[in-house]
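The following exercises are to be worked with the sequence and the three-dimensional model at hand. Each task is followed by a solution in steps.

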Amino acid sequence: MTDSLSRRQILWVAAGAALGSVASPVFAALPAGDPKALSGLITRANAALERHGDRIAVRDRFAVADFSAPSWMPRFHLVDRASGRVTPLLVAHGRGSDPAHSGWVRRLSNEPGSLASSAGAYLAGDAYIGKHGQSRRLIGLDPTNDNAEARAIVVHAAWYVGPNMVRDHGKLGRSEGCFAFSETDLALVMDRLAPGTLLYADRA
């Protein structure tokens, strides 16, 4: 499933328009979920793109993880800044963020051993083969996620992510803080989230 925003709409959001003043056509073009939350996170992602400057080599696209949304919704968004296309995917959050396994992120943490998801801007690093198969390293760029490398927070596929999990259990399983995707979505994420690309994660 892919939804579209016009280039003008993406640039409008990128300019930091206040959530309450963004016009409804932008909201209508955004994927399912809370459109104000997503447009706000896209604004923050664009700000992070500028804030971290030359560290972000890929400038024409980024990814946004909306941890305001529950795990049964596609809340990881691949955003193409040039075309305005937004591709939403399922992604798991850390078990430390959701101890009761409700499907909702209750807290975000950067602490080692927390098993929680972290907020902030990440830089996509090298691909490697690990215990979860093909994976991508992530570098935390903000004080809220600068332990990402030490915590081994990465992108990988997991059996507990996918439409069948949502159908059978009403939610996804939980990671140990990593961004875990379905096996069928991983190739797309690895391609679009190439080294030097920004990933921004937070709650609205």
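**Exercise 1. Determine which residues alanine 148 contacts outside its own stretch of sequence, and whether alanine 148 is buried or exposed.**

Solution. The model is a predicted one.

Step 1. Set aside the neighbours within four places in sequence; the contacts of alanine 148 are then Asn110, Tyr122, Leu138, Gly140 and Ile153.

Step 2. Locate the residue: alanine 148 sits in the loop between strand E6 (133-140) and E7.

Step 3. Compare its relative accessible area with the cut-off. The value for alanine 148 is 2%, and buried means under 20%; alanine 148 is therefore buried.

Step 4. Take a distance across the sequence. Serine 118 is 30 residues from alanine 148 along the chain, and their C-alpha atoms are 8.1 Å apart.

**Exercise 2. Classify aspartate 126 by accessibility and list its contacts beyond four places in sequence.**

Solution.

Step 1. Aspartate 126 belongs to strand E5.

Step 2. Its relative accessible area is 52%. Exposed means over 50%, so aspartate 126 is exposed.

Step 3. With neighbours within four places in sequence left aside, aspartate 126 is in contact with Ser135, Arg136 and Arg137.

Step 4. The C-alpha atoms of aspartate 126 and isoleucine 139 are separated by 10.0 Å, with the two positions 13 residues apart along the chain counted as their separation.

**Exercise 3. Examine the backbone of leucine 115 and alanine 152: what is the sign of phi in each?**

Solution.

Step 1. Recall the usual case: most residues other than glycine have a negative phi.

Step 2. Leucine 115, although not a glycine, has a positive phi of about 60°. Alanine 152 likewise has a positive phi, near 60°.

Step 3. Place both residues. Leucine 115 is in the loop between strand E4 (85-89) and E5, while alanine 152 is in the loop between E6 and E7.

Step 4. Assign accessibility. Leucine 115, at 31% relative accessible area, is partly exposed; alanine 152, at 47%, is also partly exposed.

**Exercise 4. Describe the largest pocket: its volume, its central residues and the character of its lining.**

Solution.

Step 1. The volume of the largest pocket is about 290 Å³.

Step 2. Its lining comprises 18 residues, of which Lys131, His132, Ala152, Glu176 and Cys178 are the closest to the centre. Alanine 152, one of these, is the residue of Exercise 3 with a positive phi.

Step 3. Strands E5 (120-130) and E7 (154-157) each contribute at least two residues to the lining.

Step 4. By character, the lining consists of seven nonpolar, six polar and five charged residues.

**Exercise 5. Explain why the buried residues of helix H5 line one face.**

Solution.

Step 1. Helix H5 spans residues 183-192, and Asp185, Leu186, Val189, Met190 and Arg192 are buried in it.

Step 2. Viewed down the axis of H5, these buried residues fall within an arc of 165°, so they line one face of the helix.

Step 3. Turn to the face pointing away from the buried side: it carries the exposed residues Thr184, Ala187 and Asp191.

**Exercise 6. State how many helices and strands the chain contains, and what share of its residues is buried.**

Solution.

Step 1. The protein chain has five helices and nine strands, in the order β-α-α-α-β-β-β-β-β-β-α-β-α-β.

Step 2. Of its 204 residues, 55% count as buried.

Step 3. Among contacts between residues at least 6 apart in sequence, 60% join residues at least 24 apart.

Step 4. The chain exposes about 8900 Å², 53% of which is supplied by carbon and sulfur atoms.

Definitions and conventions
Residues numbered from 1 in each chain as written. Predicted model: local features only at pLDDT ≥ 70, side-chain atom pairs only at ≥ 80, totals over all residues. Heavy atoms only, no water. 1 Å grid on protein atoms, 1.4 Å probe; cavity = no way out; pocket = protein on both sides within 12 Å on 5 of 7 lines; lining within 4 Å. Points joined across faces, edges and corners; volume = space filled by probe spheres on them. Helix = DSSP H or I, 4+ residues; strand = E, 2+ residues; numbered from the N terminus. Nonpolar A, V, L, I, M, F, W, Y, C, P; charged D, E, K, R; others polar. Buried < 20%, exposed > 50% of the residue type's maximum accessible area, 1.4 Å probe, protein only. Arc of directions from axis to C-beta. Contact = heavy atoms within 4.5 Å. Areas by Shrake-Rupley, 256 points an atom, 1.4 Å probe, with all protein chains shown as cover.
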